[in-house]
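Work through the following exercises with the sequence and the model open beside you. Each one sets a task and then gives a solution in steps.

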Amino acid sequence: MRYAHCLFYIVTSSVKEADKIVSRLLGKKEEIIGVGGKVPAVESKIVERANYIIVGHVVISKANKIMTEVKKIHSQKVPAISFLDVKKSNSDFLRYLNTDH
């Protein structure tokens, strides 16, 4: 069976919030994401504060679950959560993502 994959991108307002979200997504009973990490502060030109970005690679069928979980605990009323299609990736890694880890 062939699966569609995507990268997810979530902006948070602090490293503490980024850690909390990654822990939630990795720590659920059915482990929503297999991999994910945070990128240190990125300066915002619109609002003068540092943001943290969470990135990861998942089977696209988990996108709605990710959005639901993140919205439950995110500090912002309208959090930035985006998904980007993956056209090509390491086939061994894709097989890993296709399992229930």
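**Exercise 1.** In this predicted model, decide whether Arg24 is buried, partly exposed or exposed, and describe the salt bridge that the side chain of Arg24 makes.

*Solution.* Begin with the accessibility: Arg24 has a relative accessible area of 27%, and since buried means under 20% and exposed means over 50%, Arg24 is therefore partly exposed. Turn next to the partner, which is Glu69, the N to O distance of this salt bridge being 2.9 Å. Then place the two residues along the chain: Arg24 belongs to helix 1 and Glu69 to helix 2, 45 residues apart, so that the pair links distant parts of the chain. Finally, consider the cover on the partner, where Glu69, at 8% relative accessibility, counts as buried.

**Exercise 2.** Find with which residue, besides Arg24, Glu69 forms a salt bridge, and work out how the salt bridges of the structure are connected.

*Solution.* The residue sought is Lys72, whose closest approach to Glu69, between N and O atoms, is 3.2 Å. Because Glu69 and Lys72 are three residues apart in helix 2, about one helical turn separates them. Lys72 itself counts as exposed, at 56% relative accessibility. The connection follows from shared partners, through which Arg24, Glu69 and Lys72 are joined into one network. A search of the whole structure finds two salt bridges.

**Exercise 3.** Determine how many residues the largest nonpolar core has, and which elements supply at least two residues each.

*Solution.* The count comes to 16 residues, and those with the most contacts inside the core are Phe8, Ile10, Leu25, Ile33, Ile54, Ile66 and Val70. As for the elements, strand 1, helix 1 (15-27), strand 3 (50-59) and helix 2 (63-73) each contribute at least two residues of this core. Helix 1 provides the largest share, namely four residues. A general tendency gives the setting: in soluble globular proteins, nonpolar side chains tend to be buried together. To follow one core residue outwards, take Ile54 and leave aside its neighbours within four places in sequence; its contacts then include Phe8, Ile10, Ala18, Ile21 and Val22, and also Gly37 and Lys38.

**Exercise 4.** Describe the cover on strand 1 and its pairing with strand 4, and then examine the surface patch to which Tyr9 belongs.

*Solution.* Strand 1 is mostly covered, six of its eight residues being buried. Strand 1 and strand 4 (residues 81-85) run antiparallel and are joined by five bridges, and Leu7 stands opposite Leu84 in strand 4. Tyr9 also lies in strand 1, but Tyr9 is partly exposed, with a relative accessible area of 33%. Because patches are made of residues with over 30% relative accessible area, Tyr9 at 33% meets that cut-off. Together with Val39 and Val55, Tyr9 makes a nonpolar surface patch of about 200 Å².

**Exercise 5.** State in what order helices and strands follow one another along the protein chain, and what share of its residues is buried.

*Solution.* The protein chain has three helices and four strands, and reading along the sequence gives the pattern β-α-β-β-α-β-α. Of the 101 residues in the protein chain, 35% are buried. The exposed area of the protein chain is about 6,600 Å², of which carbon and sulfur atoms supply 55%. Among contacts between residues at least 6 apart in sequence, 73% join residues at least 24 apart.

Technical notes
Residues are numbered from 1 along each chain as its sequence is written. This is a predicted model: local features need pLDDT of at least 70, side-chain atom pairs count only at pLDDT 80 or more; totals for chains, interfaces and linings use all residues. Side-chain values use heavy atoms; hydrogens and water are left out. Patches are made of residues with over 30% relative accessible area and no salt bridge: like charges are joined within 9 Å, nonpolar side chains (Val, Leu, Ile, Met, Phe, Trp, Tyr) within 5 Å. Accessible areas come from the Shrake-Rupley method with a 1.4 Å probe; for residues, only the protein chains shown count as cover. A salt bridge is a side-chain nitrogen of Lys or Arg within 4 Å of a carboxyl oxygen of Asp or Glu. Buried means under 20% relative accessible area, exposed over 50%, partly exposed in between (1.4 Å probe, protein chains only). A nonpolar core is a set of buried Ala, Val, Leu, Ile, Met, Phe, Trp, Tyr and Cys residues joined through side-chain atoms within 4.5 Å. Contact means heavy atoms within 4.5 Å. Two strands pair if DSSP finds at least two bridges between them.
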